[in-house]
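Please open the model in your viewer and keep the selection tool at hand. The stops below tell you what to select, and what you will find there.

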Amino acid sequence: MTIKEIKELLDAEVLCCNDNLNNSVYSACGCDLMSDVLAYVKDQAVLLTGLVNPQVVRTAVMMDMVCIVFVRSKSPSEDMLKLAEDNGIVILETEKRLYEACGILYSNGLIGEVTKA
């Protein structure tokens, strides 16, 4: 799935890094606790969250994620957008709730964990 498809499925607005919408992603996670993202998430390319603070972008950078989707119409600060832009991370914003957004992506083939053979 491409980030552009995620944008369309979630009726999301692109806030940062429009040039990277054609990047492919194969997995995602929905979480508001960045400590859980660091402890339990592996090989996730997209982070869906309702938490809006700079630590979200820093966590995504550390975990090599390529896209953050802010749910419930949460809007990141200009500093967060600058940090995301500096690291090439696409920022999307959707009105959908976390549960609904994750369900839509999962039902359209974006899985939660990549298993390696």
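The tour goes from the whole chain to the strands, then to the core, a helix and a single lysine.

**The whole chain**

Begin with everything shown as a cartoon, and keep in mind that this is a predicted model. The chain holds 5 helices and 5 strands, and if you follow it from the N terminus, the elements run in the order α-β-β-α-β-α-β-α-β-α. The C-alpha atoms fill a box of roughly 40 × 30 × 25 Å along the principal axes. A compact globule of 117 residues would have a radius of gyration near 13 Å, and because the chain has 13 Å, the two agree. Of the 117 residues, 43% count as buried.

**Strands 2 and 3**

Next select strand 2 (28-30) and strand 3 (46-49), which pair in the parallel sense over 3 bridges. To see one of the partnerships, show Cys29 together with Leu47 in strand 3, its bridge partner. If you add helix 2, residues 34-40, you have a right-handed β-α-β unit made of strand 2, this helix and strand 3.

Now show the side chains of strand 3, where Val46 and Leu48 lie on one side, Leu47 and Thr49 lie on the other, and all of them are buried. In a regular strand the side chains alternate between the two faces of the sheet.

**Strands 4 and 5**

Move on to strand 4, residues 67-70, which pairs with strand 3 in the parallel sense over 4 bridges. Here Leu47 stands opposite Ile68, while the bridge partner of Leu48 is Val69. Helix 3, residues 54-62, belongs to the right-handed β-α-β unit that strand 3 and strand 4 make with it. In strand 4, Cys67 and Val69 point one way and Ile68 and Phe70 the other way, and all are buried.

Strand 4 also pairs with strand 5, again in the parallel sense and over 4 bridges, and Val69 stands opposite Leu92 in strand 5. Between these two strands the chain crosses through helix 4, residues 78-86, in a right-handed β-α-β crossover.

**The nonpolar core**

Which residues touch the most other members of the largest nonpolar core? Select Ile6, Leu10, Val46, Leu48, Val69 and Leu92, which have this place among its 40 residues. Then centre the view on Leu92, which, leaving out residues up to four places away in sequence, touches a set that includes Ile3, Ile6, Ala12, Val14 and Val69.

**Helix 5**

Select helix 5 (98-107) and colour Leu98, Ala101, Ile104 and Leu105, which are buried. Seen down the helix axis, these buried residues fall within an arc of 135°, so they line one face of helix 5. What covers them includes helix 1 (3-9), strand 2 and strand 3. Turn the view to the other side of helix 5, where Tyr99, Tyr106 and Ser107 are exposed. Just after this helix, Gly109 takes a positive phi of about 105°.

**Lys96**

For the last stop, select Lys96, which is found in the loop between strand 5 (90-93) and helix 5. Is Lys96 buried or exposed? Its relative accessibility is 16%, and because buried means under 20%, Lys96 counts as buried. Apart from neighbours within four places in sequence, Lys96 is in contact with Leu9, Leu10, Asp11, Val71, Arg72, Ala101 and Ile104. Two of these should already be coloured in your view, since Ala101 and Ile104 are among the buried residues of helix 5.

Note on methods: Residues numbered from 1 in each chain as written. Predicted model: local features only at pLDDT ≥ 70, side-chain atom pairs only at ≥ 80, totals over all residues. Heavy atoms only, no water. Buried < 20%, exposed > 50% of the residue type's maximum accessible area, 1.4 Å probe, protein only. Contact = heavy atoms within 4.5 Å. Arc of directions from axis to C-beta. Core = buried A, V, L, I, M, F, W, Y, C linked by side-chain atoms within 4.5 Å. Pairing = 2+ DSSP bridges. Right-handed = clockwise from strand over helix to strand, strands pointing away. Rg over C-alpha atoms; globule rule 2.2 N^0.38 Å.
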